[in-house]
Amino acid sequence: MADDTLPLTTRPRVPIWRIIISLILLFLNYFLAQYDKFILSYFQDDVISSLGLNSSSYGVLSGYATGIVYALLALPTAYLADYTSARVWVLTVAALWWSLCAIFQGLSHNFWQILLARIGMGVGQAPVEALSVSLISDLMGKKYVFFGSSVLYVGVYIGEAVSGQIAVAFARTDTPWNNALIAIGVVGLVVAMFVRVFVREPVRQTSLIPIGDNGASEEHPLSSDSKRPSFDPKFAIVRDHIKSTLQYVIRMRSFYLLTLSAAFRQLGGNVFGYYMPSYLSNLYPLETSLLSRYGIIVGVVGSVSVLLGGLLTALVWERTKLLPLYLTAIGGMISSVFVLLMLFSLNIAHHDQSKGVAILYGTMSLAYFTAETWLGAVNSLIALLLPPHTKTFGLAIWSLVQVLIYSSGPEILGLALRNTDAGTSAYLEKTRIALAVLIPVGYWIAGVGFLLAIPLVRRDLAGDFVKGNLRWTRRKGGLMLGGCILAALVLALFIVSIYYRA
């Protein structure tokens, strides 16, 4: 039975060697957990042909099919991890499950088999990001958390780099794409066991916002008299602590705007990741090493950028807590220009393939360098703004809205391409137009949103929003209305995607 009186710490005392081992294992687990989407991205044409799919079917696989499951199941698993103080155990079980589902994806022979396997994998993937960021935020001092989380998100870019090399090697040896997923699943099983053996549950670190012993009003349900719940079968305890966390995020002035902004930023990135490799391969068919170089650029430039974002945030931590928001907003807006230059690189080069490829690689490097500083820094900031004992659940709420919004990108593209055969000139042109709209629009909406959220975050850092009892307000009513509208749109888009699958 869990102890409900565990204290918080203002400065974690975890040995450096354990921090390093934990970061490596969390990185590997996160990298592998989302690796299947890279396989689907780089082997899009092979997946479509070998499973007898069409563009709408592929959109379902890369959109809401796993997105809805991922978003919804992250909530109970994240709460369970906080409720039992067993984040490492929950992470281990999740890793074992998604690893098995990755193997089942590799063994699939038709649409419904791989769809069910991907939905199952979504169950295992659901809590991985929230659990990993939550653990990192308690392993090291606050200013170092940003760099630590940035190390975790390097997995996103290394995944692209490795996928590019695998795609080239598989193409040269006629190796089926299924083998990559099976291999990832087997390695994931091994990493899951190492996570359980070597990662230890750290003491929770205090929040950036004063709560309880740090000065918050005792009227607030997360004040000093309200500790982390013990493992009690009474539903009232679960209800009260879920309610208190929801109240906390509803009270925050910045949470809504930050969440929506991050969702649109992810929408642009999600569409980029799923469709850009295939588009560029068809645009430059004579460039046999394109996917390999694409992966290297993403891996190297993306990793440098995300680590730089975490490092810069740590360096200026004593002066300002808001640098991640500036980096994300301005960087995304600048990057959108380079994305457009990528998409139209062949036109800019007057259809000269060699000149077009040179323009492509240069603008792509700049696009990633300016855009990718944000993941580790922004997610760390959110983790440190949330209540310590329920931060994993709070991070799951943060991810829930994002996933439901950004998963719409592949769905929309799949619908737009449903009557067009892959690899044709019409398919290429439609893909280019869709990418030229969705990616820059997502980046700019996110940029404006993050800039508008900056004064709200400043006010939230003062901690006054935790005082008093929460009553029915326009903010609460707006949240419920927005949630209903989002749920209706998600359901409608998912049903339309399934209808047009055939």
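Is valine 316 buried, exposed or partly exposed? Valine 316 counts as partly exposed, at 23% relative accessibility. The views below come from a predicted model.

**View 1. Valine 316 sits in the loop between α13 and α14.** Its class is partly exposed, because a relative accessibility of 23% is not under the 20% limit for buried and not over the 50% limit for exposed. Lysine 143 is the partner to find in this view. The two residues are 173 positions apart in sequence. In space, valine 316 and lysine 143 are 8.9 Å apart, C-alpha to C-alpha.

**View 2. The whole chain contains 21 helices and zero strands.** The protein chain has 502 residues, and 60% of them count as buried. Take the contacts with a separation of 6 or more: 86% of these join residues 24 or more positions apart. The largest nonpolar core has 150 residues. Met276, Leu280, Tyr294, Leu435 and Phe450 have the most contacts inside this core. In soluble globular proteins, nonpolar side chains tend to be buried together.

**View 3. Helices α12 and α13 pack at an angle of about 145°.** Helix α12 spans residues 255-283, and helix α13 spans residues 290-315. Their axes are 10 Å apart. The crossing of α12 past α13 is right-handed. From α12, the contact uses Phe272, Met276, Pro277, Leu280 and Ser281. From α13 come Leu290, Leu291 and Tyr294. By class, the contact has seven nonpolar residues, one polar and no charged. Met276, Leu280 and Tyr294 also appear among the residues with the most contacts inside the largest nonpolar core.

**View 4. Helices α8 and α9 cross at roughly 150°.** Helix α8 covers residues 128-139 and helix α9 residues 142-173. The axes come within 9 Å. α8 passes α9 in a right-handed sense. Glu129, Ser132, Val133, Ile136 and Ser137 make the contact from α8. Val145, Gly148, Ser149, Leu152 and Tyr153 make it from α9. These residues divide into five nonpolar, four polar and one charged.

**View 5. Leucine 435 belongs to the group with the most contacts inside the largest nonpolar core.** Set aside residues up to four places away in sequence. Leucine 435 then touches Val271, Tyr275, Met276, Tyr279, Leu343, Leu413 and Pro440. Met276 is another member of that high-contact group.

**View 6. Threonine 431 lies in helix α20, residues 425-461.** Its relative accessible area is 2%, so threonine 431 is buried. Beyond neighbours within four places in sequence, threonine 431 is in contact with Tyr279 and Leu417. Tyr279 is also touched by leucine 435.

**View 7. Helix α2, residues 35-42, is largely enclosed by the rest of the structure.** Why does this description apply to helix α2? Seven of its eight residues are buried, so the rest of the structure largely encloses helix α2. The buried residues are Tyr35, Asp36, Phe38, Ile39, Leu40, Ser41 and Tyr42.

**View 8. Confidence: the mean pLDDT of the protein chain is 86.** A pLDDT of 70 or more is reached by 90% of the residues. Among the elements, helix α14 (residues 323-343) has the highest mean, 97. Helix α21 (residues 474-499) has the lowest, 73. Over residues 213-230 the pLDDT is below 50. Beyond near neighbours in sequence, this stretch has 50 contacts in the model. Where pLDDT is low, the predicted coordinates should not be read in detail.

Key
Residues numbered from 1 in each chain as written. Predicted model: local features only at pLDDT ≥ 70, side-chain atom pairs only at ≥ 80, totals over all residues. Heavy atoms only, no water. Axes fitted to C-alpha atoms, helices over the stretch in contact; angles between N-to-C directions. Helix = DSSP H or I, 4+ residues; strand = E, 2+ residues; numbered from the N terminus. Left-handed = near helix turned anticlockwise from the far one by under 90°. Contact = heavy atoms within 4.5 Å. Nonpolar A, V, L, I, M, F, W, Y, C, P; charged D, E, K, R; others polar. Buried < 20%, exposed > 50% of the residue type's maximum accessible area, 1.4 Å probe, protein only. pLDDT = per-residue confidence, 0-100. Core = buried A, V, L, I, M, F, W, Y, C linked by side-chain atoms within 4.5 Å.
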